[in-house]
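Pull the structure up and keep it turning while you read. We'll start where the chains meet and work outward from there.

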Number of protein chains: 2
Amino acid sequence: MKAEIISIGDELLLGQVIDTNSAWIGQELNKLGVQVHHKSTIGDAREVLLKTLSESAERSDIIVMTGGLGPTKDDLTKHILCEFFETKLVQNDAVLAWVQSIFSKRNLPMLQSNNEQALVPESCEVLWNRNGTAPGMYFLQNGKAFISMPGVPFEMKCIFEEEVIPKLKKQFSFPSIIHRTLLTASIGESFLAKKIANIEDALPAHIKLAYLPSVGAVRLRLSAYGKNTEVLALELNPIVDSLYHTIGEYIFGEEEETLAQVVGKLLQQNNKTVATAESCTGGYLAHMITSIAGSSAYYKGSILAYDNAIKENILQVDASILLQHGAVSEACVKAMATHVRTLMQTDYAIATSGIAGPTGGTDEKPVGTVWIAIATPEHCFAKVFNMGDHRGRTIERTALMGLDLLRKELRTIK
Amino acid sequence: MKAEIISIGDELLLGQVIDTNSAWIGQELNKLGVQVHHKSTIGDAREVLLKTLSESAERSDIIVMTGGLGPTKDDLTKHILCEFFETKLVQNDAVLAWVQSIFSKRNLPMLQSNNEQALVPESCEVLWNRNGTAPGMYFLQNGKAFISMPGVPFEMKCIFEEEVIPKLKKQFSFPSIIHRTLLTASIGESFLAKKIANIEDALPAHIKLAYLPSVGAVRLRLSAYGKNTEVLALELNPIVDSLYHTIGEYIFGEEEETLAQVVGKLLQQNNKTVATAESCTGGYLAHMITSIAGSSAYYKGSILAYDNAIKENILQVDASILLQHGAVSEACVKAMATHVRTLMQTDYAIATSGIAGPTGGTDEKPVGTVWIAIATPEHCFAKVFNMGDHRGRTIERTALMGLDLLRKELRTIK
């Protein structure tokens, strides 16, 4: 069973709008066990859509289109679908009544172009659009399903969930596919690959492993294809176990979690709190923590000491430390962590100080040099890293590394 | 001149990663005056890429590929390109030295898979990757350019700007096109459109106006198409002037500037400093300011007072204010701004306090209610906003609005 997605709209080709629809549809089809093997993005143009439709009819069983259904002149999809399926537009009274009710509720006059939204191809099944005026369409031809939906994300998602999925399930019998995703931090893609080469090499043909890297983290995704999801799940279990056995220290979570969520959960489970004292991360560490809804339960605040005077006056870092070792030093970052923990009366604290660049580096402390300290109820320790020479990534990597160091501490709580 | 984009990677088809690269590339090609007329997304699979390459060679002059160049086994692009262009992989010593230097700088051992990143197709020109280990590739065949770049956005963008654009400009003669972009904040797209409707209606056919909205800001891009860039530039000047005349109060900058850059420049020009006191923005306001290289010249630091105890103890907000008005109030946010300005001995201060949600809203102060205060050498004022019910967007909008309020203050400096 193969699916493909056709996204229609000049704004997508121009890059004025980022196509998030097709990723969402890909995920939904994947959950059904249907593999999306191709996506196309094309403009609002007759010939190209006709050609793309012919090609997709050759290579796919389910063809999902979004876009080009609006009321304006550049929206051509409906007319081209009539041409492709050799049918004609007819008025759908239920849709017309729905469109009229929307306009009367908003006290807006109906334009001719709005009336025309109730015209649908005769040979299609109408897909009800609860959130807008343009209905979706479902065509069946030679056992293949062609679905056309508006491009507005919340309209499209609702139509897909409520109308498309039930129709597809009635039409097709889907194969099974399941995924397990392990999230790792503090290790690069190639090092991971080397550590788990034996596990990867031993995978049977119907189980795939993918590396999905981002700044400071790599997601490992196992996908198993077969007939029975329960059997597949049982097959994945020992593979996941052996991954934990081999690279467990780097795995911070599974599926869609973020490191900040995992750290937040560990803090809440143990009824602990944390504060931060930031220099080079400039508020980004705090931002990662506070991006999580509910973080006020375990996060008290931060002193962002960008200026050394703030380190001295508010974080009470000894002037002698700054003079002797500088702000980017083990002594400074430990003093920052220790003091902010006391000041904010938390169980834990993270402190960062480094040279994000592009200037400020020296031979001894080149751009990218970063010290991170963790203060706990028992002790305070610091580690030094080189995060590279890109300012933005140094900030991001340092914040992630700070969270990962805290995560490892929290896992030792008895 | 027609271009197309091929995005390669199973993770894109599965929808686990949203393809932002192709929108960015579409914008960049558009700036050159090249129309992207087709995008495909395909998996890491030999036959499909070969077929897509053949098709694109038929229909496009410039073919831009991203993805599939990593060091792991599922990355096949380089091998398939060799097959398509009937060439073989050879070692590039400069790339090998570069990869080695990256690993030695980070004190990491080289793996065989890292060495292999220095293997490139013999017939291509290497596109230098300043930010990573996988080089890009540039092939010319029958007057058409085929470009292959890694999928990691910051690597790809740098390669495209520094390596691809100059090569394309040498290879092809592009039509003349010039752009002027005005950056606005604190006003929505439809309100802007209404205010400048007369200007837009009066534009000649060869000058287009595009609205490019993002969270809290709308970019207005004028594009002029013609034969002579100098003539076009002269034509754009009076249009830009009339836009400044009509909506000047909302325009914070031009071209690629960010609001944080503009504010930083104004502070430096006037030899002034700023500090922040954040609650609901959770460090994001500080992060926006410190994302700018050199911000330590004018930014001293922040007190992130997520917990009310920190507002009381460190920012010395009167307990009576918190009791009577709550933390999300004019009195609280003004006290925060005033005190942090004194504490950090700066000329200006910005303070934020609000309900980012999803919980914590009341009838009187629903989710999205945000107070922002600006303290200056002369006075302190605060404004209240409703930033909507999406946590991430409320944080982002509040930070941008804080910066925009400060920008307006700084513009009044005599």
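**Where the chains meet**

Strand β14 of chain A and strand β14 (residues 299–305) of chain B pair in the antiparallel sense, with 5 bridges between them. To get your bearings in that pairing, find A:G301, which stands opposite B:A305 in β14 of chain B. Keep in mind that what you're looking at is a predicted model.

Now widen the view to the whole contact. Chain A puts in 53 residues and chain B puts in 58 residues. On the side of chain A that touches chain B, at least two residues each come from α2 (21–31), β2 (35–42), α8 (189–195), β10 (207–214), α12 (284–290), β14 (299–305) and α16 (391–410). Sort the residues on that side of chain A by type and you get 22 nonpolar, 23 polar and 8 charged.

What about the nonpolar interior? The largest nonpolar core has 140 residues, and those with the most contacts inside it are A:M336, A:A337, A:V340, B:M336, B:A337 and B:V340. Take B:M336 as a sample: leaving aside residues up to four places away in sequence, it touches B:A277, B:A305, B:K311, B:L315, B:V317, B:A351, B:S353 and B:A373. B:A305 should ring a bell, since it's the residue opposite A:G301 in the strand pairing. There's also a second, separate core of 33 residues, which includes B:V34, B:V64, B:C124 and B:V152.

Step back to chain A as a whole. Its secondary structure comes to 16 helices and 17 strands. How spread out is chain A? Its radius of gyration is 28 Å, whereas the globule rule gives 22 Å for 414 residues, so chain A is more spread out than a compact globule. Measured out along the principal axes, its C-alpha atoms fill a box of roughly 85 × 55 × 40 Å. For a feel of the distances involved, try A:A309 and A:I147: they sit 162 residues apart along the chain, and their C-alpha atoms are separated by 63 Å. A:A309 belongs to helix α13 (residues 308–313) of chain A, and it counts as partly exposed because it has 14 C-beta neighbours inside 10 Å.

Burial and contacts fill in the rest of that picture. Buried residues make up 46% of the 414 residues in chain A. Of the contacts in chain A with a separation of 6 or more, 66% are between residues 24 or more positions apart.

Next, go to helix α4 (residues 77–84) of chain B, where B:T77, B:K78, B:I80, B:L81 and B:C82 are buried. Follow the chain past that helix and you reach B:E86, with a positive phi near 50°. B:E86 lies in the loop between α4 and β4 (89–91) of chain B. Is B:E86 buried or exposed? It counts as exposed, because it has 9 C-beta neighbours inside 10 Å. Over in chain A, A:E86 also has a positive phi, near 50°, and its place is the loop between α4 (77–84) and β4 (89–91) of chain A. A:E86 is exposed too, with 9 other C-beta atoms within 10 Å.

Those phi values deserve a look because most residues other than glycine have a negative phi, and most peptide bonds are trans. On the peptide side, a cis bond joins A:G357 and A:P358, with omega about 5°. A:P358 is in the loop between β15 (348–354) and β16 (369–375) of chain A. In chain B, a cis peptide bond joins B:G357 and B:P358, again with omega about 5°, and B:P358 lies in the loop between β15 (348–354) and β16 (369–375) of chain B.

Notes
Residues are numbered from 1 along each chain as its sequence is written. Chains are lettered from A and ligands numbered from 1 in the order in which they are written. This is a predicted model: local features need pLDDT of at least 70, side-chain atom pairs count only at pLDDT 80 or more; totals for chains, interfaces and linings use all residues. Two residues are in contact if their C-beta atoms, placed from the backbone, lie within 7 Å. Helices (H or I, at least four residues) and strands (E, at least two) are DSSP runs, numbered from the N terminus. Ala, Val, Leu, Ile, Met, Phe, Trp, Tyr, Cys and Pro count as nonpolar, Asp, Glu, Lys and Arg as charged, and the others, Gly among them, as polar. Two strands pair if DSSP finds at least two bridges between them. A residue is buried if 20 or more other C-beta atoms lie within 10 Å of its own, exposed if 12 or fewer, and partly exposed in between; C-beta atoms are placed from the backbone. The radius of gyration is taken over C-alpha atoms; the globule rule is 2.2 Å times the number of residues to the power 0.38. A nonpolar core is a set of buried Ala, Val, Leu, Ile, Met, Phe, Trp, Tyr and Cys residues joined through C-beta atoms within 7 Å.
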